[in-house]
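Biologist: Hey, I've got a structure open and could use a hand reading it. Can we start with how the chain holds contacts along its sequence?

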Amino acid sequence: ADSKSTQSSIRGAASSVTKPLTSKLFATKEVHMVLVVDQIALRVLASIYNVNTLHEHGVTIVEQLELSREPLPGVHAVYLLDPNYESVTKLCAESQLRIRN
């Protein structure tokens, strides 16, 4: 029972932080987007939303920052990341690559 209450507390805290942000992100259903997440953000997101809810709000695909991905020209990308060194470094590297191409 103790781990369930801890898990519920974590889910509640994560929800209170992310729901205001994601409600703005998901304000329109007309936009189709890729949601790029790191491992930490994926765990938080998965504890709050299921895949169907994301799809209902225009998220076409969820991709992991740490994995190699194909470019999707013409599709909006939203990044949800933990502000740690590895994630920020990877994001900066991707941004530099897009600027060069």
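Modeller: Sure. In the protein chain, take contacts between residues at least 6 apart in sequence: 80% of them join residues at least 24 apart. Contact here means heavy atoms within 4.5 Å.

Biologist: Before I go on, what kind of model is this, and how are residues numbered?

Modeller: It's a predicted model, where local features need pLDDT of at least 70, side-chain atom pairs count only at pLDDT 80 or more, and totals for chains, interfaces and linings use all residues. Residues are numbered from 1 along each chain as its sequence is written, and side-chain values use heavy atoms, leaving out hydrogens and water.

Biologist: OK, new topic. How many salt bridges does the structure hold?

Modeller: Two. A salt bridge is a side-chain nitrogen of Lys or Arg within 4 Å of a carboxyl oxygen of Asp or Glu. One joins Glu63 and Arg69, at 3.3 Å from N to O.

Biologist: And which residue forms a salt bridge with Glu94?

Modeller: Arg69 again, with the closest N and O atoms 2.5 Å apart. Arg69 sits in the loop between strand 2 (59-64) and strand 3 (76-80), and Glu94 in helix 4 (residues 85-100), so the pair ties together parts 25 residues apart in sequence. Helices (H or I, at least four residues) and strands (E, at least two) are DSSP runs, numbered from the N terminus. Shared partners join Glu63, Arg69 and Glu94 into one network.

Biologist: Is Glu94 buried or exposed?

Modeller: Buried, with a relative accessible area of 12%. Buried means under 20% relative accessible area, exposed over 50%, partly exposed in between (1.4 Å probe, protein chains only). Glu63 and Arg69 are buried too.
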